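Q: I have a structure to read and do not know where to begin. Can we go through it feature by feature?

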Amino acid sequence: MKLTTVKCGLCDNWMASMVTKRGAPFLYCGVCKYGFMLLAKEGKDNFSSKAQEIDETDLPEPTKKWFKDKNATSNQG
């Protein structure tokens, strides 16, 4: 599965990217536990222009586990 993501500004690992119920991108690094949500249009536009597509297998293990857990939760119900 391909993911749209960026490198973490603190530890330089890939961050998992998910979209909230309201359509805001949420990024999370499972290595250093840094996470943030983009709320402003300018931030979302900047993310779109800077983001890269990577394969899910390229995520660090802690981030991959978090991403899989969140996807499993959001797909239920």
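The turns below take up confidence, the sheet, its turns, the cores and a few residues of one helix.

Q: How far can the coordinates be trusted, and what is the average pLDDT of the chain?
A: Where pLDDT is low, predicted coordinates should not be read in detail. This model is predicted, and its chain averages a pLDDT of 89. A score of at least 70 is reached by 95% of the residues.

Q: In which elements is confidence lowest and highest?
A: Confidence is lowest in α2, with a mean of 83, and highest in β4, at 94.

Q: How should I read the sheet, and in what order do its strands lie?
A: The strands of a sheet pair through backbone hydrogen bonds, and the pairing is either parallel or antiparallel. Here three strands make an open sheet in the order β2-β3-β4, and the pairing is antiparallel. Strands β2 (16–19) and β4 (34–37) are the edges, each pairing on one side only. Neighbouring strands of this sheet are turned against each other by 15° on average, direction ignored.

Q: How many bridges join β2 to β3, and how many join β3 to β4?
A: Four bridges join β2 to β3. Between β3 (residues 25–29) and β4 there are four bridges, and this pair also runs antiparallel.

Q: Which residues stand opposite each other across these pairs?
A: Between β2 and β3, Met18 faces Phe26, and Val19 faces Pro25. Between β3 and β4, Cys29 is opposite Tyr34.

Q: Why is β3 described as largely enclosed?
A: Four of the five residues of β3 are buried, so the rest of the structure largely encloses this strand.

Q: What should I look for in the turns between strands?
A: Look at phi. Most residues other than glycine have a negative phi. The hairpin of β2 and β3 has five residues between its strands, and Gly23 there takes a positive phi near 90°. The hairpin of β3 and β4 has four residues between its strands. In that turn Lys33, which is not a glycine, has a positive phi of about 65°.

Q: Is Lys33 buried or exposed?
A: Lys33 has 55% relative accessibility, so it counts as exposed. Its place is in the loop between β3 and β4.

Q: Where does Asp12 lie, and what is its phi?
A: Asp12 lies in the loop between β1 (2–5) and β2. Its phi is near 70°, a positive value in a residue other than glycine.

Q: How do I find the inside of the structure, and which residues form the largest nonpolar core?
A: Look for buried nonpolar side chains that are joined to one another. The largest such core has nine residues: Leu3, Trp14, Ala16, Met18, Tyr28, Ile54, Leu59, Trp66 and Phe67. At least two residues of this core come from β2, and at least two from α2. A second, separate core has seven residues, among them Cys8, Met15, Cys29 and Phe47.

Q: What is Met18 in contact with, leaving aside its neighbours within four places in sequence?
A: With those neighbours left aside, Met18 is in contact with Ala24, Pro25, Phe26, Trp66, Phe67, Lys70 and Asn71.

Q: How can I compare residues of one helix, and is Thr63 buried or exposed?
A: Compare the relative accessible area of each. Thr63 is found in helix α2; it is buried because its relative accessible area is 0%. Beyond its neighbours within four places in sequence, Thr63 is in contact with Trp14, Met15, Ala16, Tyr28, Cys29, Gly30 and Val31.

Q: Is Lys64 buried or exposed?
A: Lys64 is in helix α2 (residues 61–75). Its relative accessibility is 13%, so Lys64 counts as buried. Beyond its neighbours within four places in sequence, Lys64 is in contact with Glu56, Thr57 and Leu59. The side chains of Lys64 and Glu61 are joined by a polar contact of 3.1 Å.

Q: Is Glu61 buried or exposed?
A: Glu61 also lies in helix α2, but with a relative accessible area of 56% Glu61 is exposed. Glu61 and Gly30 are 31 residues apart in sequence, and their C-alpha atoms are 7.8 Å apart in space.

Key. Residues numbered from 1 in each chain as written. Predicted model: local features only at pLDDT ≥ 70, side-chain atom pairs only at ≥ 80, totals over all residues. Heavy atoms only, no water. Buried < 20%, exposed > 50% of the residue type's maximum accessible area, 1.4 Å probe, protein only. Polar contact = N/O pair within 3.5 Å; in protein donor to acceptor, adjacent residues only side chain to side chain. Contact = heavy atoms within 4.5 Å. Pairing = 2+ DSSP bridges. Axes fitted to C-alpha atoms, helices over the stretch in contact; angles between N-to-C directions. Core = buried A, V, L, I, M, F, W, Y, C linked by side-chain atoms within 4.5 Å. pLDDT = per-residue confidence, 0-100.
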